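The following explanation is meant to be read alongside the sequence and the coordinates. Please keep both in view while following the text.

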Amino acid sequence: MKEMKNRVVGVVQTAVVIWTLLVPAGAAYAVLIDFDTYPDNSPVPSGPNVFDQWASLGVKFFDAANNGPAFAVSSGCSLSAPNHVAGSVSATVVSVFVDPITGDPALTDSAGTAQDLCWAPGEGIDMRAYDINGNLLGQFFNAGPGSSFTFNYPEPIIARLEMDVVGQGIDNFTFNPPVPIQSTNGVIPEPSTLLLLSLGGGLGLGFRSRRQKRS
Ligand SMILES: [Ca+2]
């Protein structure tokens, strides 16, 4: 019996050691952007006001047609009130990942978005993930009220996400903190990055818990 207890204690201690190795102090967690406030907590006004204001968190947004700002829309349909986001001059909103310190291009292993709560058949967000060389990594047509979808990869390879808005608004955009490109060349991502893959997948469920009626 005593031997059994020692064995259990040993297993627990080993698990604690592994957890400590996998989750270093200060490990970063997925970033959520609701487009309702900027990183300094000031409100995002309606209009073409979604651009590089979140660069300090590792992402910039723009309209694919002119590389100018995307459009914040105050709407009762928004998943998180008051805003969701659409293009200013086209239907395609682009997000690029950047080093929060230098602003240089960076890569993430997980990125995606949810959409607003008012949905009709045929509506949705056509999402495409690209690597740093412009190669298409994955495509998904995200459809459904408040539906969330996230691209996940075992290493940071997503440089850019394109989102075609089809009768919907982008809201509650989420991604893992990007890493500078030079640090990923031939280097295996940190275990904490891999761990976040499994944690990040559950975020969308929380988004769907909020329900609003069409205004
Ligand atoms: Ca929002």
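The paragraphs below proceed from the chain as a whole to its sheet, its core and several individual residues.

The model under discussion is a predicted one. Its protein chain contains three helices and 14 strands. Of the 215 residues in the protein chain, 38% count as buried. Among contacts in the protein chain with a separation of 6 or more, 72% come from residues 24 or more positions apart.

Strands of a sheet pair through backbone hydrogen bonds, in either a parallel or an antiparallel manner. Here, an open sheet is formed by five strands in the order β3-β6-β12-β9-β10, and the pairing is antiparallel. The edges are occupied by β3 (59–63) and β10 (136–142), each of which pairs on one side only. On average, and with direction ignored, neighbouring strands of this sheet are turned by 15° against each other. At one end of the strand order, six bridges connect β9 (residues 124–130) with β10, and these two strands run antiparallel. Within this pair, arginine 128 is found opposite glutamine 139 of β10.

A second antiparallel pairing can be followed between β4 (residues 70–74) and β5, which are joined over four bridges. One residue pair to locate is serine 74 with its bridge partner in β5, asparagine 83. Is strand β5 (residues 83–86) covered or uncovered on its two faces? Both faces are covered: Asn83 and Val85 on one side are buried, as are His84 and Ala86 on the other.

The loop between β4 and β5 deserves separate inspection. Proline 82 lies in this loop, and the peptide bond leading to proline 82 from alanine 81 is cis, with omega near 5°. Most peptide bonds, by contrast, are trans. Glycine 76 also has its place in the loop between β4 and β5. Because glycine 76 has 13 other C-beta atoms within 10 Å, this residue counts as partly exposed. Glycine 76 and cysteine 118 are separated by 42 residues in sequence, and their C-alpha atoms are 8.8 Å apart in space.

Attention now turns to the nonpolar interior. The largest nonpolar core comprises 36 residues, and those touching the most other members are Ala70, Val85, Val93, Phe97 and Ile158. Apart from this core lies another, of five residues, including Cys77, Ala114, Leu117 and Cys118. Which residues does alanine 70 touch, if those up to four places away in sequence are not counted? Its contacts are Val50, Phe61, Phe62, Asp63, Val85, Ala86, Gly87, Ser88 and Val93.

Two backbone conformations remain to be examined. Most residues other than glycine have a negative phi. Phenylalanine 35, however, has a positive phi near 60°. Phenylalanine 35 is situated in the loop between β1 (31–33) and β2 (47–50). With 27 other C-beta atoms within 10 Å, phenylalanine 35 is therefore classed as buried, the cut-off being 20 or more. Asparagine 172 likewise has a positive phi, of about 50°, although it is not a glycine. The setting of asparagine 172 is a strand, β13 (residues 170–175). Asparagine 172 is buried as well, because 26 other C-beta atoms lie within 10 Å.

Note on methods
Residues are numbered from 1 along each chain as its sequence is written. This is a predicted model: local features need pLDDT of at least 70, side-chain atom pairs count only at pLDDT 80 or more; totals for chains, interfaces and linings use all residues. A nonpolar core is a set of buried Ala, Val, Leu, Ile, Met, Phe, Trp, Tyr and Cys residues joined through C-beta atoms within 7 Å. A residue is buried if 20 or more other C-beta atoms lie within 10 Å of its own, exposed if 12 or fewer, and partly exposed in between; C-beta atoms are placed from the backbone. Two residues are in contact if their C-beta atoms, placed from the backbone, lie within 7 Å. Two strands pair if DSSP finds at least two bridges between them. Axes are lines fitted to C-alpha atoms, for helices over the stretch in contact, and angles run from 0 to 180 degrees between N-to-C directions.
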